[in-house]
Amino acid sequence: MIIKEFCAENTTLLSQLDSSVKRVELCDNLAVGGTTPSYGVIKEAARYLHEKDISLATMIRPRGGNFVYNDSELRIMEDDIIRAVELESDSLVLGLLTEDNHIDEDGIEQLLPATQGLPLVFHMAFDQIPEADQKAAIDQLVELGFTRILTHGSSEANDIFENIDHLKELVEYANDRIEIMIGGGVTADNYQELIEKTGAKAAHGTKIC
């Protein structure tokens, strides 16, 4: 089954979702790639989406910019995770990197207790990892307990169809140990073709329905 995930800024468009959407990633401030939504927004989105049997993935990102976080920002993320769990999020979306663009295992491990076992998604920070190291990063994320990775297949803001070969390679390497979800230029008109060409089972976007 193909999973369609709608990327939502605030609760504005939730009422327009059709029945084909099974998951929503909830963010604020998509102009900078998405940040953590407010307490009230998460609460209302969870109430509405769960009535529709749609799963809620809540973004945990304290600011725009890079994905290297200091101790203060990690404490903010920890508090936001606790609130998102309390408000009945179904999964948490985050991405932490080191200065040289590799998985920040120490930072992630600091946050894990707050997640209380909720499924974890590594967002498009993954695309900043050097391509030669992305398979090793998949292994790391599996070990850390992540359940899916959102990727465009490139750190460039290019047409996703240019990244088909690399996306297919990632899907094949993951081998169902972790879900590879494609995003960045995915629409209602092209997601099926992208799924067929990459072998992915999930697609993500603001225009997917």
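Which residues is K4 in contact with, leaving aside its neighbours within four places in sequence? They are S20, V21, K22, R23, Y191, A203, I208 and C209, where contact means heavy atoms within 4.5 Å.

This is a predicted model, in which local features need pLDDT of at least 70, side-chain atom pairs count only at pLDDT 80 or more, and totals for chains, interfaces and linings use all residues. Residues are numbered from 1 along each chain as its sequence is written, and side-chain values use heavy atoms, with hydrogens and water left out.

**Stop 1: K4 and C7**

Please select K4, which lies in strand β1, residues 3-9. Strands (E, at least two residues) and helices (H or I, at least four) are DSSP runs, numbered from the N terminus. K4 is buried yet has no salt bridge. Buried means under 20% relative accessible area, exposed over 50%, and partly exposed in between, with a 1.4 Å probe and protein chains only. A salt bridge is a side-chain nitrogen of Lys or Arg within 4 Å of a carboxyl oxygen of Asp or Glu. The nearest side chain of opposite charge to K4 is D18, 4.5 Å away; for this purpose Lys and Arg count as positive and Asp and Glu as negative, while His and the chain ends are not counted. Add S20 to the selection: its side chain is joined to that of K4 by a polar contact of 2.8 Å. A polar contact is a pair of N or O atoms within 3.5 Å; within protein, one must be able to donate a hydrogen and the other to accept it, and residues adjacent in sequence count only if both atoms are side-chain atoms.

Next, select C7, also found in strand β1. C7 counts as buried, at 7% relative accessibility. Its C-alpha atom is separated by 5.8 Å from that of V24, 17 residues apart along the chain. Beyond the neighbours within four places in sequence, the contacts of C7 include E25, C27 and H204.

**Stop 2: salt bridges**

The structure holds eleven salt bridges. Select E179 and R23, whose closest N and O atoms are 2.7 Å apart in one such bridge. Because E179 lies in strand β7 (residues 179-183) and R23 in strand β2 (residues 21-27), the pair ties together parts that are 156 residues apart in sequence. R23 counts as buried, at 9% relative accessibility. Adding E5 and R148 shows a network of salt bridges that links E5, R23, R148 and E179.

Move to K135 and E169, whose side chains meet in a salt bridge of 2.9 Å, N to O. This pair links distant parts of the chain, with K135 in helix α4 (residues 134-144) and E169 in helix α5 (residues 164-174), 34 residues apart. K135 is partly exposed at 32%, and E169 is partly exposed at 35%.

**Stop 3: aromatic rings**

How many aromatic pairs does the structure hold? There is one. Select F122 and F146, which form an edge-to-face pair, 5.7 Å centre to centre with 65° between the planes. Rings of Phe, Tyr and Trp (its six-membered ring) pair if their centres lie within 6.5 Å; planes under 30 degrees apart count as stacked, over 60 as edge-to-face and the rest as tilted. F122 is in strand β5 (residues 120-122) and F146 in strand β6 (residues 146-151), 24 residues apart. Both F122 and F146 are buried.

Finally, select R177 and Y173. The charged end of R177 sits over the ring of Y173, 5.2 Å from its centre. A charge sits over a ring if NZ of Lys or CZ of Arg is within 6 Å of the ring centre and within 35 degrees of the ring normal.
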